[in-house]
Amino acid sequence: MDHLASASLTSLWDEVSGTQPDPDLWVVVATLVAALAVVATRGSWRIARNAITIAHEGGHGLVALLTGRTLTGITLHSDTSGLTVSRGKPHGLGMILTAVAGYTAPPLLGLGGAALLAAGRITLLLWLATALLVALLVMVRNAYGVLTVVVTGATFVLVSWLAGPQVQAAFAYAVVWFLLLGGVRPAFELQAKRSRGGAGDSDADQLARLTHAPAGVWFFLFHAVSLCSLIGGGRWLLEL
């Protein structure tokens with residue numbers, strides 16, 4: 001029995017860590033067009049933006065833990081806003097990095113995903129995404145947030161276990177394109193909202209208070225990270 005279990009684990013690891021063939025170029029381009037349509041269309045973006053919020057709040061939570069803060073909980077709301085609460089010093093490098101992590105997390109996750117796909121690690125990407133969603137679920141503190149993460153995670157599980165290689169590849173490329181493209185839009189939306197007098201306690205405003213640097217500096221950082229990730233990740237995905 002131990003030998004069979006060991007052989008099964010070895011086989012599973014080989015499957016997860018192994019490489020898969022790249023999809024045809026038309027699949028890569030088609031998933032790019034589909035992701036762009038979702039991000040650019042108001043109705044679809046309103047729904048799909050929940051996934052960006054998951055990545056945003058997950059970024060806050062992960063960096064809070066990595067910098068030694070105590071993560072209290074994460075809430076995700078139906079209006080696609082979210083809140084991550086952590087305990088620790090209300091100032092200092094840890095707090096700054098935690099605040100920076102929100103708007104930079106989706107594009108950086110997309111960039112990391114693009115690197116995995118460029119290396120042919122489609123299965124590994126799907127499993128890592130599922131693991132991150134399971135870890136996030138433990139910290140979610142409201143019903144809508146739990147529902148959102150469970151539905152997202154279940155989609156990854158179903159594709160990973162039931163879909164064929166071609167469907168898995170198309171799904172993985174669509175997800176990564178969406179993170180890269182969807183990571184660009186939120187910072188522009190936030191700037192527009194602030195110009196109308198809203199979002200007075202945004203991540204950029206919190207960073208301005210923490211560092212005494214103008215909020216515009218942090219918007220520049222958010223835009224630089226998202227656009228550079230899109231350009232770099234796009235080149236990897238298109239093999240330019």
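Which residues does S229 touch, not counting residues up to four places away in sequence? In this predicted model, the answer is P107, L108, L111, L180 and G234. S229 sits in helix α10, which covers residues 215-238, and with a relative accessibility of 3% it counts as buried. Here's a quick tour of the rest, from the overall fold to the salt bridges.

**Overall fold**

- The protein chain has ten helices and two strands.
- Reading from the N terminus, the order is α-α-α-β-β-α-α-α-α-α-α-α, so the two strands come one after the other, with three helices ahead of them.
- The radius of gyration is 19 Å, which agrees with the value near 18 Å for a compact globule of 240 residues.
- Along the principal axes, the C-alpha atoms fit in a box of roughly 55 × 45 × 30 Å.
- Of the 240 residues, 43% count as buried.
- If you take contacts with a separation of 6 or more, 73% of them join residues 24 or more positions apart.
- The accessible surface adds up to about 12,600 Å², and carbon and sulfur atoms hold 70% of that.

**Aromatic pairs**

- There are five aromatic pairs in the structure.
- One of them joins W127 and W161, with ring centres 5.8 Å apart; the planes meet at 45 degrees, so this pair is tilted.
- That pair ties together distant parts of the chain: W127 belongs to helix α5 (residues 122-139) and W161 to helix α6 (residues 143-162), 34 residues apart.
- The two tryptophans fall into separate accessibility classes: W127 is partly exposed at 28%, while W161 is exposed at 59%.
- Elsewhere, Y103, F219 and F222 come together as one aromatic cluster.

**A nonpolar patch on the surface**

- W161 turns up again here: along with V157, L158 and L162, W161 makes a nonpolar surface patch of about 470 Å².
- L158, another member of the patch, is also in helix α6.
- The relative accessible area of L158 is 51%, which makes this leucine exposed, since the cut-off is over 50%.

**Salt bridges**

- The count of salt bridges comes to four.
- E189 and R185 pair up through their side chains, with 2.9 Å from N to O.
- Both sit in helix α8 (residues 185-195), and because they are four residues apart, about one helical turn separates them.
- E189 is partly exposed at 26% relative accessibility, and R185 is also partly exposed, with 26% relative accessible area.
- This pair is part of something wider: R49, R185 and E189 are linked in a network of salt bridges.
- D205 and R194 form another salt bridge, with 2.8 Å between the closest N and O atoms.
- That one links distant parts of the chain, as D205 is in helix α9 (residues 203-211) and R194 in helix α8, eleven residues apart.
- What about cover for these two partners? D205 is buried, with a relative accessible area of 10%, whereas R194 is partly exposed at 30%.
- R209 and D201 also meet through their side chains, at 2.5 Å from N to O.
- R209 has a relative accessible area of 49%, so this arginine still counts as partly exposed; exposed would need over 50%.

Definitions and conventions:
Residues numbered from 1 in each chain as written. Predicted model: local features only at pLDDT ≥ 70, side-chain atom pairs only at ≥ 80, totals over all residues. Heavy atoms only, no water. Phe/Tyr/Trp six-rings, centres within 6.5 Å; stacked < 30°, edge-to-face > 60°. Buried < 20%, exposed > 50% of the residue type's maximum accessible area, 1.4 Å probe, protein only. Patch = residues over 30% accessible without salt bridge, like charges linked within 9 Å, V, L, I, M, F, W, Y side chains within 5 Å. Areas by Shrake-Rupley, 256 points an atom, 1.4 Å probe, with all protein chains shown as cover. Rg over C-alpha atoms; globule rule 2.2 N^0.38 Å. Contact = heavy atoms within 4.5 Å.
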